Amino acid sequence: HELNNPLATISLRTESLLEQFADGDPKQHALKIIGQEVERMGNLVGNLLQFSRRSHQQISTIDVYKEIENTLNFIEHYLCSRQINVVREFADTLPNIHADRQQLRQVFLNLLTNASDAMTQGGTLTLRVAAGQTEHGAGAIVIEFADTGTGIKPEDLLKVWEPFFTTKGEGKGTGLGLAICRRIVEEHKGTINIESEVGRGTTVRITLRAAEGEGHGTHSV
Ligand SMILES: Nc1ncnc2c1ncn2[C@@H]1O[C@H](COP(=O)(O)OP(=O)(O)OP(=O)(O)O)[C@@H](O)[C@H]1O
Ligand SMILES: [Mg+2]
């Protein structure tokens, strides 16, 4: 809050100043730039807070399909405007999971954003969801985000998990998206990994323990 409140004040003041200038006034242009930069700063602060905060989880029983759809709703028009075709390959039945809803959405949003950033010329984003197993043989759900974007160079495949590693231009990426994803998934005792091939695309796979004793095979799409 100590970081966000001053930003909110700057943003509000900038907006009210903006209204005082006529369209096309160079001062208006300058104010717009201030507004955009403040927004960027806000995003960065949000990411940093998310990353540094070991927030305590609010666990509830979650229908993963519903959460994916909710997150998609949020950015599907954006994906569409970038000629990105979203394909859903969802298994008919899926166990529920126990997870923190906000954190899960954050993971989905970060991965969708990365996929979209990697497909500057458009492409296909395939979301695969199915029941599976953890490496210890427990019931799990497996979620895949597969894009047809630029792919990741082999020498970068380990680095992408590091906080602040980004290949995006100055002021574009903070390099925290995947670090946050990994942290959240690990706090849920799940696993996350990436397979990628330059020029072909990238697949991020998340495995999360299924909630026991409820929802098994009962949920249908
Ligand atoms: N789907 C993807 N396709 C190609 N490269 C990717 C993909 N996802 C991540 N990367 C690479 O990994 C880097 C790190 O990703 P990460 O999400 O951690 O940070 P960012 O996207 O650069 O910035 P931020 O998410 O903080 O805005 C990216 O800069 C990009 O080079
Ligand atoms: Mg990212």
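The following dialogue concerns ligand 1, the pocket that holds it and the cavities of a predicted model.

Visitor: What conventions apply to this model?

Guide: Residues are numbered from 1 along each chain as its sequence is written, and chains are lettered from A and ligands numbered from 1 in the order in which they are written. As the model is predicted, local features need pLDDT of at least 70 and side-chain atom pairs count only at pLDDT 80 or more, while totals for chains, interfaces and linings use all residues; side-chain values use heavy atoms, with hydrogens and water left out.

Visitor: What makes a residue part of the surroundings of ligand 1?

Guide: A residue is near a molecule if one of its heavy atoms lies within 4 Å of it. Ligand 1 is surrounded by 20 residues, the closest being Asp 147, Thr 166, Thr 167, Lys 168 and Thr 174. By class, 7 are nonpolar, 11 polar and 2 charged; here Ala, Val, Leu, Ile, Met, Phe, Trp, Tyr, Cys and Pro count as nonpolar, Asp, Glu, Lys and Arg as charged, and the others, Gly among them, as polar.

Visitor: Why is the pair between Asp 147 and ligand 1 called a polar contact?

Guide: A polar contact is a pair of N or O atoms within 3.5 Å. A polar side-chain atom of Asp 147 lies 2.8 Å from a nitrogen atom of the ligand, so the pair meets that limit. Thr 166 places a polar side-chain atom 2.5 Å from an oxygen atom of ligand 1, and a polar backbone atom of Gly 175 is 3.0 Å from an oxygen atom of ligand 1. The protein covers 89% of the 590 Å² of accessible area that ligand 1 has on its own, by the Shrake-Rupley method with a 1.4 Å probe.

Visitor: How do you know that the space taken by ligand 1 is a pocket?

Guide: On a 1 Å grid over the protein atoms alone, a pocket is an open set of points with protein on both sides within 12 Å along at least five of seven lines, whereas in a cavity a 1.4 Å probe fits but cannot get out. A molecule sits in either if more than half of its atoms lie within 2 Å of its grid points. Ligand 1 takes the space of the largest pocket, with a volume of about 1600 Å³.

Visitor: What makes a residue part of the lining of this pocket?

Guide: Lining residues have an atom within 4 Å of a point. Of the 47 that line the largest pocket, the closest to its centre are Thr 113, Asn 114, Asp 117, Lys 168 and Gly 173. The largest share, 11 residues, comes from α4, a helix being a DSSP run of H or I with at least four residues and a strand a run of E with at least two. The lining divides into 19 nonpolar, 19 polar and 9 charged residues.

Visitor: Which residues line the second largest cavity?

Guide: Its lining comprises Leu 104, Val 107, Phe 108, Ile 184, Val 185, His 188, Ile 206 and Leu 208, divided into 7 nonpolar, 1 polar and no charged. About 40 Å³ of space lies in this second largest cavity, where volume is the space filled by probe spheres set on points joined across faces, edges and corners. The structure holds 2 cavities of 30 Å³ or more.

Conventions:
Polar contact = N/O pair within 3.5 Å; in protein donor to acceptor, adjacent residues only side chain to side chain.
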